[in-house]
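Colleague: I've got this fold open on my screen and I'd like to learn how to read it. Could you walk me through it?

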Amino acid sequence: MNRNFDEIVPVRFVEDRLLLLDQTRLPGEEVYIEIQTKEDLWDAIYKLKVRGAPAIGVAAAYGLYVCVRDLEPDSAEEFAAEVRQTADYLNSSRPTAVNLSWALKRMVKTMEDYLTGCEDAAAQSGGTADEERKIHWVKEALRMEAGKIHDEDVAACRAMGEYGLTLLKPGMGILTHCNAGTIATAKYGTCLAPVYLGHERGYNFHLYADETRPLLQGARLTSWELQRAGIDVTLICDNMASIVMKNGWIDAVVVGCDRMAANGDGANKIGTSGVAILAKEYGIPFYMFVPTSTIDLSTATGDDIVIEQREGEEIYKMWYEKDMAPAGVKTYNPAFDVTDHKYITAVVTEKGVVRPPYDVNLRKLFGKEV
């Protein structure tokens, strides 16, 4: 199968309608669901119908607008309170991926800045701002800001692809974990962006995708989208990463990130830290692809990142006709783990490649003094 990956779009905003590719139904079905209420969006994010930190951020931005678009409050102040309340509710759906809170905060700030601007303009003219008109234009401002967040993510992923490609050579064997491809972002993906760009340029990469238990994002999503795009991909179980490295088949590891702390510790899908440790043992470079929107300088280290805990049934029940564990067994099901910065060879962002010391160079990336 060789279909253009441009066809694979996880978030569509068409004629003021928000449509999300339901990734829980992949690879068997390609179904888009429409988001009409805040409960729809909360459910879609929590249940991983939309997933991947950048895609969650884009969906949350459009979704916040859709959720408040039809409100008809009596005042702009009342409308602003509804927007903040809706943003807080949506932000509770998943705690680890920073793009969710980042996008929602940006949307709320857009609203607040616009309302302040309306009041200032009215005061300068000696009058008062019309409440209905203010609400209308704030809604438009929210819609436009969501579009900007979407466009910026496309551009960021493309840039990460170009920077990432400078670290890779034609014919390389590349291992990836979870899914940080085009369906985890607005387009291109983060760590798979250089793979797509390299494919277009004849690099002939050989991809190895960890299945990524327990939700099988590597099996269901990464292998699906890469095969669909005509890229050479081999699916392996998570516990096979060591042997393919030992066999000499892996020249680089590329992964995404859901939140990076100021010191370079990176939270990503559970199992990522184990891959990083193996890569260090075998002398294989480990590259983490991190949009700047995912870097959280207010979080000092990985120890400060809240790790989402999910239902244990995902381990032994979700994919099986019969339970694959004894009834009543205790479970531990963290959605993410944190890779210590010492295992990360380089961090790839849309602004360039960052190397250690990360506590210094990540701050420089934002123009901040150490």
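Modeller: Sure, starting with handedness: a crossover is right-handed if, with the strands pointing away from the viewer, the path from the first strand over the helix to the second runs clockwise. Helices (H or I, at least four residues) and strands (E, at least two) are DSSP runs, numbered from the N terminus. In this case, β5, helix α7 (residues 217–228) and β6 make a right-handed β-α-β unit. Another right-handed β-α-β unit is built from β4, helix α6 (residues 193–200) and β5.

Before we go on: this is a predicted model, where local features need pLDDT of at least 70 and side-chain atom pairs count only at pLDDT 80 or more, while totals for chains, interfaces and linings use all residues. Residues are numbered from 1 along each chain as its sequence is written, and side-chain values use heavy atoms, with hydrogens and water left out.

Colleague: Which strands pair with β5, and in what sense?

Modeller: Generally, strands of a sheet pair through backbone hydrogen bonds, either parallel or antiparallel. Two strands count as paired if DSSP finds at least two bridges between them. Here, strand β4 (residues 173–176) runs parallel to β5, joined by four bridges, and Thr 176 has Ala 209 as its bridge partner in β5. Strand β6 (residues 233–236) is also parallel to β5, again over four bridges, with Leu 207 opposite Val 233 of β6.

Colleague: Is β5 mostly covered or exposed?

Modeller: Buried means under 20% relative accessible area, exposed over 50%, and partly exposed in between (1.4 Å probe, protein chains only). Strand β5 (residues 206–210) is mostly covered, with four of its five residues buried.

Colleague: How do I read the order of strands in the sheet with β1, β2 and β3?

Modeller: That one is an open sheet of three strands, ordered β1-β2-β3 with antiparallel pairing. β1 (11–14) and β3 (32–35) are at the edges with a single partner strand each, so one side of each has no neighbour in the sheet. On average, neighbouring strands of this sheet are turned by 30° against each other, direction ignored. Between strand β2 (residues 17–21) and β3 there are four bridges in the antiparallel sense, and Leu 18 sits opposite Ile 35 of β3.

Colleague: Which strands does helix α1 touch?

Modeller: Contact means heavy atoms within 4.5 Å. Axes are lines fitted to C-alpha atoms, for helices over the stretch in contact, and angles run from 0 to 180 degrees between N-to-C directions. Helix α1 (residues 38–46) packs on the sheet against β2 and β3, its direction making about 140° with that of β3. Helix α2 (residues 53–69) touches β1, β2 and β3, at about 30° to the direction of β1.

Colleague: Which residues of α9 are buried, and why are they on the same side?

Modeller: For helix α9 (residues 272–282), the buried ones are Thr 272, Ser 273, Val 275, Ala 276 and Ala 279. They cover an arc of only 155° around the axis, which puts them on the same side of α9; that arc is taken from the directions from the helix axis to the C-beta atoms. Just after α9 comes Gly 283, with a positive phi near 70°.

Colleague: And which way do the residues of β10 point?

Modeller: In strand β10 (residues 286–289), Phe 286 and Met 288 point one way, Tyr 287 and Phe 289 the other, and all are buried. Strand β7 (residues 252–255) runs parallel to β10, with three bridges, and strand β13 (residues 346–349) is likewise joined to β10 in parallel by three bridges.
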